[in-house]
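Here's a walk through the structure below, going from one chain to the way two chains meet. Keep the viewer open as you read.

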2 protein chains.
Amino acid sequence: MKPDDFDAWMRQGQAEVEAALQAWVPADAPAGLGEAMRYGVLDGGKRLRPLLVLAASQATGGLPAAALRAAVAVELIHAYSLIHDDMPCMDNDVLRRGKPTVHVQFGQAQAMLAGDAMHTLAFEILTAPPERGAGCDGLAPPERGADFEIPAPLQARLCGLLARASGHAGMAGGQAIDLASVGLPLSEAALRDMHRRKTGALLLASVQMGAACGRCEPAAWRALADYGAAIGIAFQVVDDILDVTQESHTLGKTAGKDQDANKPTYVSVLGLQAARRHAAELRDQAHAALSRSGLADAAALALLADRVVERDN
Amino acid sequence: MKPDDFDAWMRQGQAEVEAALQAWVPADAPAGLGEAMRYGVLDGGKRLRPLLVLAASQATGGLPAAALRAAVAVELIHAYSLIHDDMPCMDNDVLRRGKPTVHVQFGQAQAMLAGDAMHTLAFEILTAPPERGAGCDGLAPPERGADFEIPAPLQARLCGLLARASGHAGMAGGQAIDLASVGLPLSEAALRDMHRRKTGALLLASVQMGAACGRCEPAAWRALADYGAAIGIAFQVVDDILDVTQESHTLGKTAGKDQDANKPTYVSVLGLQAARRHAAELRDQAHAALSRSGLADAAALALLADRVVERDN
């Protein structure tokens with residue numbers, strides 16, 4: 001895949017995800033809730049996680065409509081976590097994706113609720129809507145419309161992968177460690193464990209959910225897991241580098257925040273130059289894992305790994 | 001079922017749910033998160049929603065182990081919503097189930113995260129854990145251990161029922177209306193719509209998730225939905241009555257709160273006597289729906305409807 005083709009691929013994927021979010025995040029949720037939800041997730045971000053889902057699904061010959069639902073679900077979990085993390089009782093941030101954060105715009109109560117509703121919506125989007133009066137059968141629920149895009153066993157698997165990545169052992173657990181680590185010296189191992197949970201788990205799940213939409217052998221699945229783990233850490237190393245090297249207007253969020261909050265980062269633990277070398281090593285590990293996977297159509301995944309490391313915001 | 005038998009049935013169900021929560025809500029989640037989660041859900045509450053799940057599953061010949069997972073998942077969603085609703089930016093309550101609320105005990109950041117992690121855990125408990133290196137197949141994921149209690153299509157259906165009841169169109173949407181309604185005059189229809197979402201949707205989903213674990217014809221499914229809708233409203237009517245007729249120490253939460261906050265309630269809209277009559281009517285509607293269902297073993301559901309209306313806390 002040439003760089004121009006990859007840019008076009010990314011733009012197309014981003015447009016598909018944006019259109020699906022526009023369609024599925026309800027404008028008419030009660031009492032302004034829908035407005036806050038849409039503000040928190042539309043028109044924003046690089047959509048890295050959804051692109052990973054789509055790329056992994058393509059690499060494994062996945063069902064495109066199922067992968068799109070998985071992509072949107074992952075982005076909703078990511079967006080809900082940003083809304084909650086930005087709140088005054090957590091990181092107390094006022095700027096996100098170049099806009100006032102959700103609680104600044106809509107108040108704390110609505111922000112918390114919007115995050116909660118987006119969290120739930122991720123699982124709604126992965127599962128078929130119930131038919132009214134459909135009866136029930138624990139072993140073989142009735143087909144609920146041929147127009148639903150995900151076979152029931154895959155719905156279950158996607159829900160499980162997403163839940164395990166975002167819960168106490170993954171993203172939420174990582175955020176708890178983050179809050180408890182302010183001002184503490186952390187070893188590189190402890191820092192890596194925190195970020196493996198806080199950021200890495202959902203990036204890894206993006207790759208796995210995409211791959212679950214397709215077919216792959218156990219060896220390829222393991223290689224994709226290695227790829228996902230490597231870019232999960234690389235993403236955070238680069239985030240820490242950008243926090244000290246970029247301005248707020250480039251990042252679209254408050255720069256220098258980690259340093260000001262006395263949070264341990266890869267830069268504070270390793271130093272800037274070693275952090276840069278580490279990011280490049282992780283990219284190489286991701287490429288090596290893709291080679292091991294034996295998947296024919298992994299070009300987009302490879303270029304996404306490059307983009308994770310070479311981005312400037 | 002005699003009253004003594006029903007009491008014994010309730011105690012057994014409550015004990016099973018408590019044991020499952022003890023086993024499945026992790027004590028070792030990082031940085032104190034597990035402690036906050038367990039504080040927020042263990043040793044507390046009447047476990048009405050789990051009992052509805054278990055009773056509906058029994059009435060439809062459901063798989064007991066699947067029903068127990070569904071029961072725990074519903075209770076986790078309920079408990080997360082209480083933690084978030086109690087926070088200072090929402091209802092700002094300090095007492096719940098006779099104990100300091102989670103944010104009073106652990107701080108706001110940990111309370112928000114504990115709620116988030118419990119929200120996710122509900123969906124983890126409904127879905128099989130992934131086997132490491134298992135490969136993938138979008139149409140027929142590999143069996144992940146014969147010891148997992150819920151067939152994959154039922155995992156998907158339970159996730160879907162739970163998500164739709166607790167999201168923007170259900171519980172979270174109802175809470176948004178609640179926040180927006182403080183100090184406003186509401187019609188009975190508007191009040192009913194708010195509570196149908198805020199409280200009723202999850203009570204209804206409890207019945208539906210239990211029934212989904214078993215087998216029933218469409219007519220019985222519709223009757224159970226009518227039952228669930230009736231007790232969902234009845235529960236809130238009685239809550240509003242208790243808020244003005246009971247003391248805090250009986251309720252285990254702050255009494256008179258709705259009145260103090262100038263929130264519309266069934267008592268403020270209908271008056272106390274009419275609210276009491278309405279609760280009794282709704283109980284009768286629930287009983288009639290059970291008769292229509294044609295289910296042989298609906299005694300526990302019938303007695304739970306009585307208990308919803310006759311409780312004093």
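Let's settle one term before anything else: a residue is called buried if 20 or more other C-beta atoms lie within 10 Å of its own, exposed if 12 or fewer do, and partly exposed in between. With that in hand, and keeping in mind that this is a predicted model, start with chain A. Of its 313 residues, 57% count as buried.

What does the chain look like as a whole? Its secondary structure comes to 15 helices and four strands. The radius of gyration of chain A is 19 Å, close to the 20 Å that the globule rule gives for 313 residues, so the chain is as compact as a globular protein of that length. If you'd like a feel for the dimensions, the C-alpha atoms of chain A fill a box of roughly 60 × 50 × 35 Å along the principal axes. Look at the contacts in chain A with a separation of 6 or more, and 74% of them turn out to join residues 24 or more positions apart.

Now zoom in on a pair of helices. Helix α4 (residues 64-86) of chain A and helix α9 (residues 188-212) of chain A have axes that come within 10 Å and cross at roughly 170°. Since angles over 145 degrees count as roughly antiparallel, that is how α4(A) runs relative to α9(A). On the α4(A) side, the residues that meet α9(A) are Ala67(A), Ala70(A), Val74(A), Ile77(A) and His78(A). Facing them from α9(A) are Leu202(A), Ala205(A), Ser206(A), Met209(A) and Gly210(A). Sort the residues of this contact by class and you get seven nonpolar, three polar and no charged.

Next, head over to helix α15 (residues 299-310) of chain A, where you'll find Val308(A). Is Val308(A) buried or exposed? It has 25 other C-beta atoms within 10 Å, so it is buried. Leaving aside residues up to four places away in sequence, Val308(A) touches Ile231(A), Ala234(A), Phe235(A) and Val238(A). Asp239(A) is 69 residues from Val308(A) in sequence, yet their C-alpha atoms are 9.4 Å apart in space.

For a backbone oddity, try the loop between α4 and β1 (95-96) of chain A, which holds Asn92(A). Most residues other than glycine have a negative phi. Asn92(A), though not a glycine, has a positive phi of about 50°. Because it has 15 C-beta neighbours inside 10 Å, Asn92(A) counts as partly exposed. Over in chain B, Asn92(B) also has a positive phi of about 50°, and it sits in the loop between α4 (64-86) and β1 (95-96) of that chain.

That brings us to the two copies together. A rotation of 180° with 0.0 Å of shift along its axis superposes chain B on chain A, with an RMSD of 0.0 Å. The copies are therefore related as by a two-fold rotation axis. In chain B, the C-alpha nearest that axis belongs to Ala156(B), 2.3 Å away from it.

How do the chains meet? At the interface, 71 residues of chain B are in contact with 71 residues of chain A. Helix α7 (residues 152-166) of chain B gives the most to its side, with twelve residues. By class, the side of chain B that touches chain A has 43 nonpolar, 20 polar and eight charged residues. Finally, 100% of the interface residues of chain B are also interface residues in chain A, so the copies meet through the same surface.

Note on methods:
Residues numbered from 1 in each chain as written. Chains lettered and ligands numbered in written order. Predicted model: local features only at pLDDT ≥ 70, side-chain atom pairs only at ≥ 80, totals over all residues. Axes fitted to C-alpha atoms, helices over the stretch in contact; angles between N-to-C directions. Helix = DSSP H or I, 4+ residues; strand = E, 2+ residues; numbered from the N terminus. Parallel < 35°, antiparallel > 145°, perpendicular 65-115°, else oblique. Contact = placed C-beta atoms within 7 Å. Nonpolar A, V, L, I, M, F, W, Y, C, P; charged D, E, K, R; others polar. Rg over C-alpha atoms; globule rule 2.2 N^0.38 Å. Least-squares fit on C-alpha atoms with pLDDT ≥ 70 in both.
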